[in-house]
Amino acid sequence: MAKTIYVLNGPNLNLLGTREPEKYGSATLAEVETLCRGSRRCRGLAIVFRQSNHEGEIIDWIQEARDKDAAGIVINPAGFTTTSISILDALLAIGLPTIEVHITNIHARESFRHDSYISKVAKAVVCGFGVQGYALAITGLAAMVGAPKG
Ligand code: CA2
């Protein structure tokens, strides 16, 4: 059976494409999901794609990824990036390869966006490519876990 990549999105990303397009682009979260499911990028891997405004729900999904023997996690933790030791702890506990994604270049923005707890566990960080960063993260993670080319 195909292994799965969990693509997890944090708070307010449900607003993508509806607010602040100059910052986050015009693609909706549904369009980002379609982008992530693009078969050329999935290399035979299945995609679970979720968004939550609730920290605990994201932690439950990280633990679910371990229970379901997922191949890895792509996560845009959004506002939890710089606050959530609990999401960091969950990712440390499950030990799955994790790629952190940000639509914007967080290092070119306000200093409070720079220090990511999630980067302490991430195998790689993609930021500043807009929503294409999700596709790059999936491609990179698939290569990292050795999924065959589609
Ligand atoms: O650049 C990113 O992907 C961020 O993770 C987005 C977060 C921000 O707190 C991080 O510093 C960088 C904000 C997500 C809010 O998403 C919105 C989308 C559309 C309109 C309004 C908010």
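**Strand E3, its sheet and the ligand**

In this predicted model, an N or O atom in the side chain of Asn 76 sits 2.9 Å from an oxygen atom of the ligand. Asn 76 is also one of the buried residues of strand E3, so here's a quick tour that starts at the ligand and works back through the sheet, with strand E3 (residues 72-76) being largely enclosed by the rest of the structure.

**Around the ligand**

- Count the neighbours and you get 16 residues surrounding the ligand, with Asn 76, His 102, Ile 103, Thr 104 and Arg 113 the closest.
- Thr 104 brings a polar side-chain atom to 2.6 Å from a ligand oxygen atom.
- Arg 113 does something along those lines too, with a polar side-chain atom 3.0 Å from an oxygen atom of the ligand.
- On its own the ligand would expose 510 Å², and the protein buries 92% of that.

**Strand E3 up close**

- How many of the five residues of E3 are buried? Five of the five are, so the strand is largely enclosed by the rest of the structure.
- As a general point, side chains in a regular strand alternate between the two faces of the sheet.
- Both faces of E3 are covered: one side has Gly 72, Val 74 and Asn 76, the other has Ile 73 and Ile 75, and all of these are buried.

**Who E3 pairs with**

- One partner is strand E1 (residues 4-9), which runs parallel to E3 over five bridges.
- In that pairing, Val 7 stands opposite Val 74.
- Strand E4 (residues 98-102) is another partner, again parallel, with three bridges to E3.
- Here Ile 75 is the residue that faces Glu 100 of E4.
- Getting from E3 to E4 involves helix H5 (residues 85-94), and the three together make a right-handed β-α-β unit.

**The whole sheet**

- Zooming out, five strands make up an open sheet with parallel pairing, in the order E2-E1-E3-E4-E5.
- E2 (46-51) and E5 (124-127) are the edge strands; each has a single partner strand, so one side of each is left without a neighbour in the sheet.
- Ignoring direction, neighbouring strands of this sheet are turned by 15 degrees against each other on average.
- The partner of E5 is E4, and these two pair in the parallel sense over four bridges.
- Within that pair, His 102 stands opposite Cys 127 in E5, and His 102 also turns up among the closest residues to the ligand.

Technical notes: Residues numbered from 1 in each chain as written. Predicted model: local features only at pLDDT ≥ 70, side-chain atom pairs only at ≥ 80, totals over all residues. Heavy atoms only, no water. Buried < 20%, exposed > 50% of the residue type's maximum accessible area, 1.4 Å probe, protein only. Pairing = 2+ DSSP bridges. Right-handed = clockwise from strand over helix to strand, strands pointing away. Near = heavy atom within 4 Å. Polar contact = N/O pair within 3.5 Å; in protein donor to acceptor, adjacent residues only side chain to side chain. Areas by Shrake-Rupley, 256 points an atom, 1.4 Å probe, with all protein chains shown as cover. Axes fitted to C-alpha atoms, helices over the stretch in contact; angles between N-to-C directions.
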